[in-house]
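Student: I should like to work through this protein with you, beginning with its overall build and ending with single residues. May we look at it together?

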Amino acid sequence: MGVQNPPASTVFGFIRHGQTDWNTVDRFQGSSDTPLNALGRAQAAEAADYLRDQLPFIRWAAARHSPLRRAGETASIIAASIGVADLAPLPSLSERDWGAAEGQTWAELTQRWPTLGVDSEQARNRIPGAEPLDLLKARGRFALETTAVQHPNQTVLMVSHGTLMRSALSPLLGYDIGEVPNAGVLVLKARLEGDRLHTELVARSFDE
């Protein structure tokens, strides 16, 4: 019986997009296509510095990003800074569609739907028209699994959004990764064995 090769693993660098003007006033962005502001562009450059200076042993081969402009801008800034030429959008990395909350603050939203009450995960899941949380988690996992299959034993940056990252990565890692700041970085290693996805955290740029 021959010696079997170990399962291929992929190193992922998950990065939340830089700040937008809507972030500064806690306005739901979701599927709304908002651009980075000046601070957001600076944060993207700082994320590139972190990848280059704190993780010099990782040479990134590719970058995938949400099609939304704020993620695409962040990915472009980082890719240009650290020399990643393989850059492309990946629709499954898009942020949760917030339905009726798009473009609203929580206060504005609850003026129309007072029964939502205090802002919480449970209340957010009741927002009319919002993408179901289970679907969001499945979509994030799909992005990870398909990219792992396409890039075995490679390194891939994944520029996405805070809600998608927390919802998809927390169950995979087995604990709540917490609130991801703008341009926050989470590096993890993933490997597929049959239909099971194994993940482990390698590094993070922000406190738990």
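The questions below move from the whole chain to one helix and then to one side chain.

Tutor: Please note that this is a predicted model, in which local features need pLDDT of at least 70, side-chain atom pairs count only at pLDDT 80 or more, and totals for chains, interfaces and linings use all residues. Residues are numbered from 1 along each chain as its sequence is written, and side-chain values use heavy atoms, with hydrogens and water left out.

Student: In what pattern do the helices and strands follow one another along the sequence?

Tutor: Helices (DSSP H or I, at least four residues) and strands (E, at least two) are numbered from the N terminus. The protein has seven helices and six strands. Read along the sequence, they give the pattern β-α-α-β-α-β-α-α-α-β-α-β-β.

Student: What is the radius of gyration of the protein?

Tutor: The radius is taken over C-alpha atoms, and the globule rule is 2.2 Å times the number of residues to the power 0.38. For 208 residues, a compact globule would come near 17 Å, and the protein agrees, with a radius of gyration of 17 Å.

Student: What share of the residues counts as buried?

Tutor: Buried means under 20% relative accessible area, exposed over 50%, and partly exposed in between (1.4 Å probe, protein chains only). Of the 208 residues, the share that counts as buried is 50%.

Student: Which residues of H3 are buried?

Tutor: Helix H3 covers residues 69–82 and reaches 20 Å from its first C-alpha to its last, close to the 20 Å expected at 1.5 Å a residue; that expected span is 1.5 Å times one less than the number of residues. The cover over its buried residues includes strands S1 (9–16), S2 (62–65), S3 (86–89) and S4 (155–160), together with helix H2 (38–54). The buried residues themselves are Arg-70, Ala-71, Gly-72, Thr-74, Ala-75, Ile-78 and Ala-79.

Student: Which residue follows H3, and what is the sign of its phi?

Tutor: The phi of the residue after H3 is near 80°. That residue is Gly-83, and the sign is positive.

Student: With which residues is Lys-137 in contact, leaving aside its neighbours within four places in sequence?

Tutor: Lys-137 lies in helix H6 (residues 133–150) and is partly exposed, with a relative accessible area of 32%. Contact means heavy atoms within 4.5 Å. Beyond its neighbours within four places in sequence, Lys-137 is in contact with Ser-167, Ala-168 and Pro-171.
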